[in-house]
Amino acid sequence: RRVVQQLMAQNRPVRAMVRSPSKAQEVFGTSTGLLGTATKEELAEHVKGCSSIISVSGALDFPNGPISFPGDGSDRPTAEWCSDRSHPYFLNYVAQVRLMDLCREHGLQRFVRLTGLSGGLSAFSFVSVLFGAILSCTTKWHTMAENYLRHEANVPFVILRPGGLANLERNTETTHLQLESSGLLPIPARVGRSDVAATAIAALGLPSTQSYTLAMRWVGTDIAPKPQGTKEDGYKTVAECIETLPKDVPNPPSALKPFGFASGMFVYSMTAIGLVLLKLAWDTVSRVLG
């Protein structure tokens, strides 16, 4: 929503893919350029004539189907283990690869993708395991899409990795914005949605020779629930953050962390512990009741 609203405020033409065209029309005040559920052909036609793609979609809700932990590195047909098209595999990976391919085929200038800070964490970190356990390894699918964008899509890109997203507006006098070109920052790395949207739009103006994986956070003392870094770690405006990025940043190697294994081990271990405790409780009750 914020990306489209900010682009419209700058009088820039926008074509948007939305979940609900009727709701989007209410929010944006127009139906022009809005596309809902589409076939591959309709999507390709929608992309044709655009200059760049900003993709901020993803699966954030609990999937309707069962949680599944297929082997990491496997790209076998998902029908073998999941038929739920709202699963993160389809939204965070398959759909993104399709958009990246269209970006290349139509000669667009840049692909900007919003993922998350968890992509830079260990697969065995608490955040990665939690997201994997309750959101069907969502970080794994984000990471697979990131790897495709860096090493196979062959288009200039910017990957944005914010931490905890906030609906608040930033007080620019007490809080600055930090972009880290390593793609890594300490969690929780809270940052406002408006700053993320503004950064995605500003990234469109980067030279075609520059691509980045950028971790994002607010820095300063006026941040709830606790301060993050210092103001000097960042800059007051998004433009300053973009202008001061290093000119030559090598892409990290294409490597998939064992997110599925880590989450599966946690879930199955907790299940086993729960069953043992349940048995102990049952034995105790049985002895008491004689």
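Here a biologist asks a modeller why certain labels apply to parts of this predicted model.

Modeller: Some ground rules: this is a predicted model, local features need pLDDT of at least 70, side-chain atom pairs count only at pLDDT 80 or more, and totals for chains, interfaces and linings use all residues. Residues are numbered from 1 along each chain as its sequence is written, and side-chain values use heavy atoms, with hydrogens and water left out.

Biologist: What makes R104 and D101 a salt bridge?

Modeller: The term needs a side-chain nitrogen of Lys or Arg within 4 Å of a carboxyl oxygen of Asp or Glu. For R104 and D101 the N to O distance is 3.2 Å, so the pair fits the rule. Both lie in helix α4, 3 residues apart, about one turn of the helix. By the way, helices are DSSP runs of H or I with at least four residues, numbered from the N terminus.

Biologist: Why is D101 called buried?

Modeller: Buried means under 20% relative accessible area, exposed means over 50%, and partly exposed is in between (1.4 Å probe, protein chains only). D101 has 18%, so it's buried. R104 has 32%, so that one is partly exposed.

Biologist: How do you know where K279 and D283 fall, buried or exposed?

Modeller: K279 has a relative accessible area of 52%, so it counts as exposed. D283 has 25%, so it is partly exposed. Their side chains meet in a salt bridge too, at 3.0 Å, N to O. Both sit in helix α9, 4 residues apart.

Biologist: Which residues are joined into one network by salt bridges that share partners?

Modeller: That would be E146, R150 and R161. The closest N and O atoms of R150 and E146 are 2.9 Å apart, and both of these residues are buried.

Biologist: Why is α1 called oblique to α7?

Modeller: Helix α1 (residues 2-9) and helix α7 (residues 193-202) pack at an angle of about 60°, with their axes 9 Å apart. Angles under 35 degrees count as roughly parallel, over 145 as roughly antiparallel, 65 to 115 as roughly perpendicular, and the rest as oblique. About 60° belongs to the rest, so α1 is oblique to α7.

Biologist: What makes α7 mostly covered?

Modeller: In α7, 7 of its 10 residues are buried, including V196, A197 and I201.

Biologist: And why is α3 called oblique to α4?

Modeller: The axes of α3 (residues 40-47) and α4 (residues 88-105) come within 10 Å and cross at roughly 45°. That angle also belongs to the rest, so α3 is oblique to α4.

Methods
Axes are lines fitted to C-alpha atoms, for helices over the stretch in contact, and angles run from 0 to 180 degrees between N-to-C directions. Helices (H or I, at least four residues) and strands (E, at least two) are DSSP runs, numbered from the N terminus.
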